[in-house]
Every structure is written in C-alpha cells, then in structure tokens.
Amino acid sequence: MGLNLNKFYFDNNFKVNGKETYGVYRKRVMSIKQNGNYINVTITFNQPLTSQLGQSISKKIKEIKASNRALQKGLTTNVFLTLIFYQSADINEEFFPIFEKCLDVLDSFNLPTCETCPLCGRTLLTTDPFIRTRNSIMQVHNECADGLIASANRLMKSAESNDKKNIFKIIGICFSIMVLLVGLSMLLPLAKFLSTFLLLCSGSMFIFIFRIFAIKFKFALSK
C-alpha cells in the first residue's frame, strides 16, 4: 500500500490538478505528485537563491538523504527544491519525519516564506492565485500573474515569427540548390538525361519540403 496523504491535503486545504496536488504548508508553496513507486515534492522558493546558499542547502539535504533511505534524491535549484521519495513498505511512517527535516533546513536559512510574492517582493494574501511554471507551482498577485502571462505570450509570438523567417530562408536555399544542380548538369555529358533527372528530383524535394512547412503553418495548399 502506498503513501496516503488525503488527511494532510484536507487539513491544509490543498488543491488537486490532475495527478498533482498543491498548496501551502508551513508557509511554503509546494506541489506533490505520486508517480508509480515514487513521490515528488517540489517546494518553491519565494526569492531566487544565490549559488552559495543553494550549495549550502543541497549539502544539508544530502546529509538527510544519507541517513534516510526513503529519500532517493534532493535537487536544489535557485527557484525550488525537489524531494524524491521511494514508496517502500514503511513509507507512511518515514515520509513525514524526513519531509519535516527538509523543511527545517529551509527555515534554518531564513528563506522568505509564501507571504512574499516571488515576482515583486510585496506581501501576498491567501486569496492570491497559484500559477504553474515549467517545474513548480508558485503563488503571486493577480497583476503579477497577468504580467507574466503577457510576457510569455509576447515571447511565443516572437519565437513563432523568427521560426517562419528561418523556414523561408531554408526554402530559399533549397530552391537555389535546385537551380544550381540543374545548371551544373547542363555542363556534364548526357546533359539532356541528367538535367531532366535532376530537375525532377530537386523539384520533388522542393515540393516535399514546402508541403511540410505549409502544413505546419497552415498555408493554403493546392496542386
């Protein structure tokens, strides 16, 4: 039987999003996901860590891991700490003592708690929204979340525009190669045969490449 955290989730008002559960415990925003025999706990920092501070925390977590086999791995980045537990037969007795020790480590370094917005540094309210980044959950002000989403949308549009420009450059290069091959073939023996053959091959290649890009960017296709 695996770890049962239902009472913990209920007592701390955690929210469920698919296989992931997230909320605030001991004034720290975290998400918990059970994946087969493993449990991933990701604790978000409300202020980016310096390299020295991250190394110090990582060292303390490794000390806990060395004496607690249920803790398989502790990954410390400048924005979050991920703890990976193995669901052994005694996981229900082992999980919380190890989990609490890891939270004690964070408290010992006086890291900012969830009362501070990680984006602007101002005080947060319990009603402020949670948002998901690539690897973690964090709680921010509504206006900070809107600004972050708007910035992400601008970056995506800019990247898409650059991708299209690069694709048209590739198509232009392919077309130039096609013309060059046909031109060179006319200088060789068997000019008529080779020029016809290369024209068919290069033309077919050009059409094939163009169709791939046309489908990707939803251009209108016709014969």
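In this predicted model, Asn 68 touches Ile 98 and Lys 101, leaving aside residues up to four places away in sequence. Asn 68 itself sits in the loop that runs between helix H2 (51–67) and strand E5 (71–76). Although placed in a loop, Asn 68 counts as buried, because its relative accessibility is 15% and the cut-off for burial is under 20%. The side chain of Asn 68 also makes a polar contact, at 3.1 Å, with the side chain of Ser 67. Helix H2 spans 51–67, so this partner, Ser 67, is the residue at which the numbering of that helix ends. Taken together, the picture at this position is of a buried asparagine with a side-chain polar contact to Ser 67 and with Ile 98 and Lys 101 among its contacts.

Attention turns next to the chain as a whole. Five helices and eight strands are present, and reading along the sequence gives the order α-β-β-β-β-α-β-β-α-β-β-α-α. The chain has 223 residues, of which 33% count as buried; Asn 68 is one of the buried residues. When contacts between residues at least 6 apart in sequence are considered, 55% of them join residues at least 24 apart.

The cysteines offer a useful detail for anyone at the bench. The structure holds zero disulfides. Cys 117 is in no disulfide, and the nearest cysteine sulfur to its own belongs to Cys 120, 3.7 Å away. Likewise, Cys 120 is in no disulfide, with the sulfur of Cys 117 as its nearest, at 3.7 Å. The pair does not count as a disulfide because the sulfur atoms would have to lie within 2.5 Å. The surroundings of the two residues can also be described: Cys 117 counts as buried because its relative accessibility is 1%, whereas Cys 120, at 34%, counts as partly exposed.

A further cysteine, Cys 114, appears in the lining of the largest pocket. About 230 Å³ of space lies in this pocket. Its lining also includes Asn 12, Asn 13, Lys 15, Gly 23 and Val 24, together with Glu 115, Leu 124, Leu 125, Thr 126, Phe 130 and Gln 139. By residue class, the lining divides into five nonpolar, five polar and two charged residues.

How values were computed:
Residues numbered from 1 in each chain as written. Predicted model: local features only at pLDDT ≥ 70, side-chain atom pairs only at ≥ 80, totals over all residues. Heavy atoms only, no water. 1 Å grid on protein atoms, 1.4 Å probe; cavity = no way out; pocket = protein on both sides within 12 Å on 5 of 7 lines; lining within 4 Å. Points joined across faces, edges and corners; volume = space filled by probe spheres on them. Nonpolar A, V, L, I, M, F, W, Y, C, P; charged D, E, K, R; others polar. Buried < 20%, exposed > 50% of the residue type's maximum accessible area, 1.4 Å probe, protein only. Helix = DSSP H or I, 4+ residues; strand = E, 2+ residues; numbered from the N terminus. Polar contact = N/O pair within 3.5 Å; in protein donor to acceptor, adjacent residues only side chain to side chain. Contact = heavy atoms within 4.5 Å.
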